[in-house]
Amino acid sequence: MPDAKSLRQVAHSRAPLSTWVGIVLLFALFGVIVLAVIGPAPRGSTYEETRAKKRMENLKTVRDEAAKALATYGWIDKNKGIAHIPIDRAMELAVADLAQKKPAPAGPIPTPEPQAAAAPASPAPAASPQTSPAQPAAPPPAQAPVSSSPPASQPAPGTTSPVPGKTP
C-alpha cells in the first residue's frame, strides 16, 4: 500500500498542470464567445454616419430658425415692449434715418502734449542698444501744437454734448 505522504505529493504535483489546462480552456472559451458576438457584426462606419446625419439635421433646424427670426416680426420681451422686425425692413429704416441727418463736421484730432517730467510708463530694459545707462533717453520731438481753442461746432471741454439724433 502506498504511503499517504507520497500520494499527496503526487496529487500536488499534478494540480498545477490541471490548473493551467483549465485556465487555457477558459481563455479559449472567452475567445470563441467574443468571436461569436463581434464576428457577424458589420464592419462599416454606421455610428459615424448616424452622428453626421444628426448633426446635419440640427444644423438645418438652427439655420431655419435663424432665417425665420430674420424674416419675420415677433416679440422678444412682450412685457418690456421689445420686438424684432425683419432685417430688410430694419435696413430700410436705418437708411431713411441716416438720410435725414446732416453729417456733423469732424474737428481736428488733438495730439497729446509730451510730458518731460513724467516717468516712463514701462521700465526700459537694462541694456538696450539705442541708449546706454550713462546717457539719458532724449524726449520725443514735439509736434506742432494744434490750436487750443475748440472749433465752434464742438462743445467746450468738460461739458457734455447732446446725444446725436435727439433735438431739445
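## Surface and burial

The chain exposes about 15,900 Å² of surface, and carbon and sulfur atoms supply 65% of that area. The structure is a predicted model. Of the 168 residues in the chain, 1% count as buried.

Contacts can also be described by how far apart the partners lie in sequence. Among the contacts with a separation of 6 or more, 24% are between residues 24 or more positions apart.

## Confidence of the model

The mean pLDDT of the chain is 75, and 61% of the residues reach 70 or more. In residues 144-156 the pLDDT falls below 50, and this stretch has seven contacts in the model beyond near neighbours in sequence.

## Order of the elements

The chain contains three helices and two strands. Read from the N terminus, these elements follow the order α-α-β-β-α. Helix α1 covers residues 4-38, and helix α2 covers residues 46-71. Strand β1 spans residues 74-77, strand β2 spans residues 82-84, and helix α3 takes in residues 87-100.

## A nonpolar patch

A nonpolar patch on the surface is formed by Leu26, Leu29, Phe30, Ile33, Val34, Val37 and Ile38. Together, these residues have about 690 Å² of accessible area.

One of the patch members, Val34, is placed in helix α1. Val34 has a relative accessible area of 30% and is therefore classed as partly exposed, since that class lies between the limits of 20% for buried and 50% for exposed.

## The strand pair

Strands β1 and β2 pair in the antiparallel sense, over three bridges. Within this pairing, Trp75 has Ala83 of β2 as its bridge partner. The two strands form a hairpin with four residues between them, and in this hairpin Gly81 takes a positive phi near 80 degrees.

Ile76 belongs to strand β1. With neighbours within four places in sequence left aside, Ile76 is in contact with Ile82, Ala83 and His84. Despite these contacts, Ile76 has a relative accessible area of 57% and so counts as exposed, because the exposed class begins over 50%. In a regular strand, side chains alternate between the two faces of the sheet.

## Salt bridges

The count of salt bridges comes to four. Three of them are described here, beginning with helix α2.

In helix α2, Arg51 forms a salt bridge with Glu48, and the closest N and O atoms are 3.8 Å apart. Arg51 and Glu48 are three residues apart in the helix, which is about one turn. Arg51 counts as partly exposed at 38% relative accessibility, and Glu48 is likewise partly exposed at 42%. Helix α2 also holds Lys60 and Asp64, four residues apart and about one turn of the helix from each other. The side chains of Lys60 and Asp64 meet in a salt bridge with an N to O distance of 3.5 Å. Lys60 counts as exposed, with 54% relative accessibility, whereas Asp64 is partly exposed, with a relative accessible area of 44%.

In helix α3, a salt bridge joins the side chains of Glu92 and Arg89, at 3.5 Å from N to O. Glu92 and Arg89 are separated by about one helical turn because they stand three residues apart in α3. Glu92 is partly exposed at 48% relative accessibility, and Arg89 is also partly exposed, with a relative accessible area of 36%.

How values were computed
Residues numbered from 1 in each chain as written. Heavy atoms only, no water. Patch = residues over 30% accessible without salt bridge, like charges linked within 9 Å, V, L, I, M, F, W, Y side chains within 5 Å. Areas by Shrake-Rupley, 256 points an atom, 1.4 Å probe, with all protein chains shown as cover. Buried < 20%, exposed > 50% of the residue type's maximum accessible area, 1.4 Å probe, protein only. Contact = heavy atoms within 4.5 Å. Pairing = 2+ DSSP bridges. pLDDT = per-residue confidence, 0-100.
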